[in-house]
Amino acid sequence: MNFSIVSGTTNEPLAAEIARHLGHSLVPRTLRRFPDGEIDLHLDQSVRGQDVYVIQSTSPPVDEPLAELLFIVDACRLAGAERVTAVVPYLGYARQDRRSRAREPLGARLVGKVLASAGVDRLVAIDLHSAAIEGCFAFPVEHMTAVPALAKLLRPMAARNGVIVSPDLGAVKLAERYARELELPVAVVHKQRLSGSEVRAIGVIGDVAGREPIVVDDMISTGATIEAAVGALRAAGARLPTIVVATHLLLVGDAAARIAALSSCRLVGSDTVLLAEPPAGIETSRASVAWLLSQAIYSLHCDRTITELAGHA
Ligand code: R5P
């Protein structure tokens, strides 16, 4: 069985780079919208009998990329693909891995159900909001991490008196991972979420006074979490500059301006999400996940282990 790679529309440069690492071409496809917004898709090359990898980040607005992914998977299945793996560098709805109130849906589990019913056999994702989300999927999840690649970028920037900061309790494990990579101590911001775009920092746990903070998170959406964390750190005596690190730079709405307004912030992230333009007013460095995903695809296709490649130390 050979393998084929099909890309959705949300991050075609990343898909092309993954294909280039594998010495493959992307399956040509026509993906348009009908006048009423419905998806109009055609695979312009046969995938019959193939091991197919569909690359699509569900970046904002999450539902449209998700629908595209489902349509591509369905088209592959109906065209006789032998196996279909969804390669979703950024997976939306991952934060909805539990219900915080009664009468709420369980978004992550629902995404798992629709992917399975469309015909996904396996999922490859990077730095999911929580590893426990795997339980929302009835098929195998290959959970990769961009932390080693991001830590490599950070190493020359990190100050000797640096401190890795988790901007909320949920990111503590991630912070510990960066701390091991960079051999720095950890501090934690106690955060309270008020709404989708507002958060409040209640306090800082750990020694940050006189230290240069590196704030790490899985994603930056509106920038509210980072804004609150940086404010709390500076109030607690942390030194400038501040490095802000997140695998998924969603940068929704005025998130970039919000971070730029903090001054003396440097941004480090990956290319799981395609940015329309580089964030204005912030020095930004990005690590590519293309090589990591290309190796994951190759190993999975050959039924080789990806445990070490996945990067979870
Ligand atoms: C939440 O638990 C996540 O790890 C991020 O901290 C959060 O989703 C970031 O969102 P925002 O940038 O909108 O605060």
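A cavity here is a set of grid points where a 1.4 Å probe fits but cannot get out, whereas a pocket is an open set. The model examined is predicted. A search of the whole structure finds 1 cavity of 30 Å³ or more.

**The cavity**

The largest cavity holds about 30 Å³ of space. Its lining consists of Tyr90, Leu91, Ile126, Asp127, Leu128, His129, Asp218, Met219 and His248. By class, these residues divide into 5 nonpolar, 2 polar and 2 charged. Where does the cavity lie with respect to domain 1 and domain 2? Domain 1 (3-145 + 290-301) and domain 2 (147-287) both contribute to the lining, so the cavity lies between them.

**The pocket**

The largest pocket has a volume of about 1500 Å³. Its lining has 44 residues, and Arg95, His129, Asp168, Gly170 and Asp218 are the closest to its centre. His129 and Asp218 also appear in the lining of the largest cavity. The pocket lining comprises 13 nonpolar, 15 polar and 16 charged residues. Four elements each supply at least two lining residues: α5 (172-182), β9 (186-195), β11 (212-220) and α6 (224-235). This pocket, too, draws lining residues from domain 1 (3-145 + 290-301) and domain 2 (147-287), so it lies between the domains.

**The ligand**

The ligand has 15 residues around it. Arg95, Asp217, Asp218, Thr222 and Thr225 come nearest. Of these, Arg95 and Asp218 are also among the residues closest to the pocket centre. Three aspartates have a side-chain N or O atom paired with a ligand oxygen atom, at the distances tabulated here.

| Side chain | Distance from its N or O atom to a ligand oxygen atom |
|---|---|
| Asp168 | 3.4 Å |
| Asp217 | 2.5 Å |
| Asp218 | 2.6 Å |

On its own, the ligand has 370 Å² of accessible area, and the protein covers 93% of that. Asp168 is one of the residues closest to the pocket centre. Asp218 therefore has three roles in this account: it lines the cavity, it is among the residues closest to the pocket centre, and its side chain has an N or O atom 2.6 Å from a ligand oxygen atom.**Backbone exceptions**

Most residues other than glycine have a negative phi, and most peptide bonds are trans. Which residues does a cis peptide bond join, with omega of about 0°? Proline 60 and proline 61 are the pair. Proline 61 sits in the loop between β4 (51-55) and α2 (63-78). A cis bond also joins leucine 240 and proline 241, with omega about -5°. Proline 241 is in the loop between α6 and β12 (242-249). α6 is one of the elements that supply at least two residues of the pocket lining.

Aspartate 127 has a positive phi of about 40°, although it is not a glycine. Its place is the loop between β6 (122-126) and β7 (141-144). Asp127 is also one of the residues lining the largest cavity.

How values were computed
Residues numbered from 1 in each chain as written. Predicted model: local features only at pLDDT ≥ 70, side-chain atom pairs only at ≥ 80, totals over all residues. Heavy atoms only, no water. 1 Å grid on protein atoms, 1.4 Å probe; cavity = no way out; pocket = protein on both sides within 12 Å on 5 of 7 lines; lining within 4 Å. Points joined across faces, edges and corners; volume = space filled by probe spheres on them. Nonpolar A, V, L, I, M, F, W, Y, C, P; charged D, E, K, R; others polar. Domains from an automatic or database assignment. Near = heavy atom within 4 Å. Polar contact = N/O pair within 3.5 Å; in protein donor to acceptor, adjacent residues only side chain to side chain. Areas by Shrake-Rupley, 256 points an atom, 1.4 Å probe, with all protein chains shown as cover.
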